[in-house]
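Good morning, colleagues. Please look at the structure on the screen while I go through its contacts and its interior.

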Amino acid sequence: MECIYNVDVEELCPVCGDNVSGYHYGLLTCESCKGFFKRTVQNNKRYTCAERQECKIDKTQRKRCPFCRFQKCLTVGMRLEAVRADRMRGGRNKFGPMYKRDRALKQQKKALNRESGLKMESMPPALSSTLTDCTLSSILPNLPDISSTKNILLNMPSSTTSTEYEQGLYTLPGCVSMSSYSPLPSQYPYQSVPCRIIKSEFPDHYASSSSPGSTGGYTYTDQTQTMSSPTPHTGLDLPALVLEFVRCEQDELLVQSKISTHLALLQENQSSSSIEPLSSFGLMCHIADQTLFFIVEWARSCSFFKELKVGDQMKLLHNCWSELLVLDYISRQVHHDEHDTILLITGQKVDLTSVLTQAGVTLGELVRGAQQLTQRLQELQLDCREITCFKYLILFNPDVKLLENQEYVGNVYHQVNGALLEYTLCVYPQHVDRFSQLLQHLRELRALSTQAEDYLSYKHLNGEVPCNKLLIEMLHAKRAYV
DNA sequence: ATAGCCTTGACT
DNA sequence: AGTCAAGGCTAT
């Protein structure tokens, strides 16, 4: 378990997760994505996606789909304007001061973390990289929804850089840190923000207004249309709802990187203070707390969820948080091929045997139960679209009592249920009872999560759960509505 | 086409 | 003189 402590503070490329080699075209990226971005813009390359324009980009797969890779470059905030039209070498461009501020900010953040020791709660919200100090009630009403995200972007002061923005300088009250993991919908790509500080250094190809009759290059608007429109061309006619769910999924790599950074800071605080090191269990609580934050973020981004009033949103989340946590854990194991290790959200592997020997009876049973369910789901070859449906079925639980809009929640549930049925019949026609098997496994997952919640409550009563506000809030809200 | 290494040159 | 993000070169 010690390996969890060795999370590197070093930043990862937001596009592919490789090691960064410096600031390139607006942000810290790796050497290969730098080169890829340069080639694409300089040579005005156009790519197409053979799949659904949702390819995962990581170090091993980045070569497979240049379309999605370039899309991701833009989404994370790489700047077309930083590619020079005249190909002049050397020297500095106008991004220099921005890089400098970004570096200073990172230093400041580190220093602040060291000062405040483990008491993250005392940190000014704007400097807190993740939401250790947030309660659900503070997150839900204050987080901007996608449409207001657009407004914030559009109204950003012109001196604002994307990096500063991501680091939370422009956060709203309620300790909200908007970051690059929040998927900006394709209608509002970052690059369309009109108030860019820097005039394009590549005006011929990329200035949207100055070249109405340009033949060779695509404009910003063109690009949005050609690069981001949903592909109608699919081999199978999958339920639209399922495709939409997949499109709204969070970027796992970014979540992984955020949580890893958080744990790394925690580790720094540990070593620089006299506070007793966290136990493995304590560390797991921190991971669970952080994961919860991203689960809430995901829920918030669902269009169905946004329709609900905050009161109902809280009831739904209070009801299902542990199921979503367990689903997150199990779906990670399902697609992890090594049977003797557990894959954490941080990307680290933990030896299963050492977990089982270290864990007490209850935790041991839980881990074993999860492994068994994992194995059954692996045999079924559960796919990521089914997992996404699971998340919605768990969140929109029609059995939650005292909802203001009970009927709506029930409606969503049944729609998702129908979409999942249609999906399984469409993709696995030879496997007729797949749908009912999936639902059976969902019930088993629910049972596991109840066990897990009970275990956590017991540990909390013993004072063994570290001060993770979100996790503890959830524990207190334990099934009050069912 | 990719990506690691090299050269360049404004800025400190 | 040193820094470091641009572009360039070239094996793979």
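Arginine 92 places a backbone N or O atom 3.4 Å from a sugar or linking oxygen of DNA strand B. I should say at once that this is a predicted model, and every distance I quote is computed from it.

Glycine 90 also uses its backbone: an N or O atom there lies 3.2 Å from a base oxygen of DNA strand B. Arginine 69, by contrast, works through its side chain, with a polar atom 3.0 Å from a phosphate oxygen of DNA strand B.

Which residues are found around DNA strand B? They are Glu31, Ser32, Phe36, Arg39, Lys45, Arg62, Lys63, Arg69, Arg89, Gly90, Gly91 and Arg92. Of the atoms of DNA strand B that come within 4 Å of the protein, sugar and phosphate make up 62%. Helix α1 supplies the largest share of this surface, with four residues. Sorted by class, the surface near DNA strand B has eight charged residues, three polar and one nonpolar.

Let me turn to the other strand. DNA strand C is surrounded by 18 residues, and the closest are Tyr25, Arg84, Arg92, Tyr99 and Arg103. Here sugar and phosphate account for 70% of the strand's atoms that come within 4 Å of the protein. Arg92 therefore deserves a second look, given that a residue counts as near a strand when one of its heavy atoms lies within 4 Å: it is listed around DNA strand B, and it is among the closest residues to DNA strand C.

Three side chains illustrate the polar contacts with DNA strand C. In tyrosine 25, a side-chain N or O atom is 2.3 Å from a phosphate oxygen of the strand. In arginine 103, the corresponding distance to a phosphate oxygen is 2.6 Å. Asparagine 93 has a polar side-chain atom 3.3 Å from a sugar or linking oxygen of DNA strand C. The elements that give two or more residues to this surface are β1, residues 22-24, α1, residues 31-42, and α3, residues 96-115. Its composition by class is seven charged, six nonpolar and five polar residues.

Now to the protein itself. Chain A contains 19 helices and four strands. It has 482 residues, of which 53% count as buried. Considering contacts in chain A between residues at least 6 apart in sequence, 73% join residues at least 24 apart.

In soluble globular proteins, nonpolar side chains tend to be buried together. The largest nonpolar core in this model has 83 residues, and Phe305, Leu316, Leu317, Leu395 and Phe396 have the most contacts inside it. Helix α11, residues 280-301, gives the largest share of this core, 12 residues. As for leucine 317, leaving out residues up to four places away in sequence, it touches Leu136, Leu140, Val296, Ala299, Phe305, Leu395 and Met474. There is also a second, separate core of 29 residues, which includes Val15, Cys73, Phe95 and Tyr99. Tyr99 is also one of the closest residues to DNA strand C.

Two asparagines offer a useful contrast. Is asparagine 417 buried or exposed? It counts as buried because its relative accessibility is 18%, and the limit for that class is under 20%. Asparagine 417 is found in helix α17, residues 406-427. Beyond residues up to four places away in sequence, asparagine 417 touches Leu393, Phe435 and Leu439.

Asparagine 19 lies in the segment before β1. With a relative accessible area of 44%, asparagine 19 is partly exposed. Setting aside its neighbours within four places in sequence, asparagine 19 is in contact with Glu11, Leu12 and Cys30. Asparagine 19 and serine 32 are 13 residues apart in sequence, and their C-alpha atoms are 9.8 Å apart in space. Ser32, as I noted, is one of the residues around DNA strand B.

I will finish with the cysteines. How many disulfides does a search of the whole structure find? The search finds zero. For cysteine 248, which is in no disulfide, the nearest cysteine sulfur is that of cysteine 302, 6.9 Å away. Cysteine 248 counts as buried, at 16% relative accessibility, whereas cysteine 426 is partly exposed, with a relative accessible area of 25%.

Thank you for your attention.

Notes. Residues are numbered from 1 along each chain as its sequence is written. Chains are lettered from A and ligands numbered from 1 in the order in which they are written. This is a predicted model: local features need pLDDT of at least 70, side-chain atom pairs count only at pLDDT 80 or more; totals for chains, interfaces and linings use all residues. Side-chain values use heavy atoms; hydrogens and water are left out. A polar contact is a pair of N or O atoms within 3.5 Å; within protein, one must be able to donate a hydrogen and the other to accept it, and residues adjacent in sequence count only if both atoms are side-chain atoms. Ala, Val, Leu, Ile, Met, Phe, Trp, Tyr, Cys and Pro count as nonpolar, Asp, Glu, Lys and Arg as charged, and the others, Gly among them, as polar. A disulfide is a pair of cysteine sulfur atoms within 2.5 Å. Buried means under 20% relative accessible area, exposed over 50%, partly exposed in between (1.4 Å probe, protein chains only). A nonpolar core is a set of buried Ala, Val, Leu, Ile, Met, Phe, Trp, Tyr and Cys residues joined through side-chain atoms within 4.5 Å. Contact means heavy atoms within 4.5 Å.
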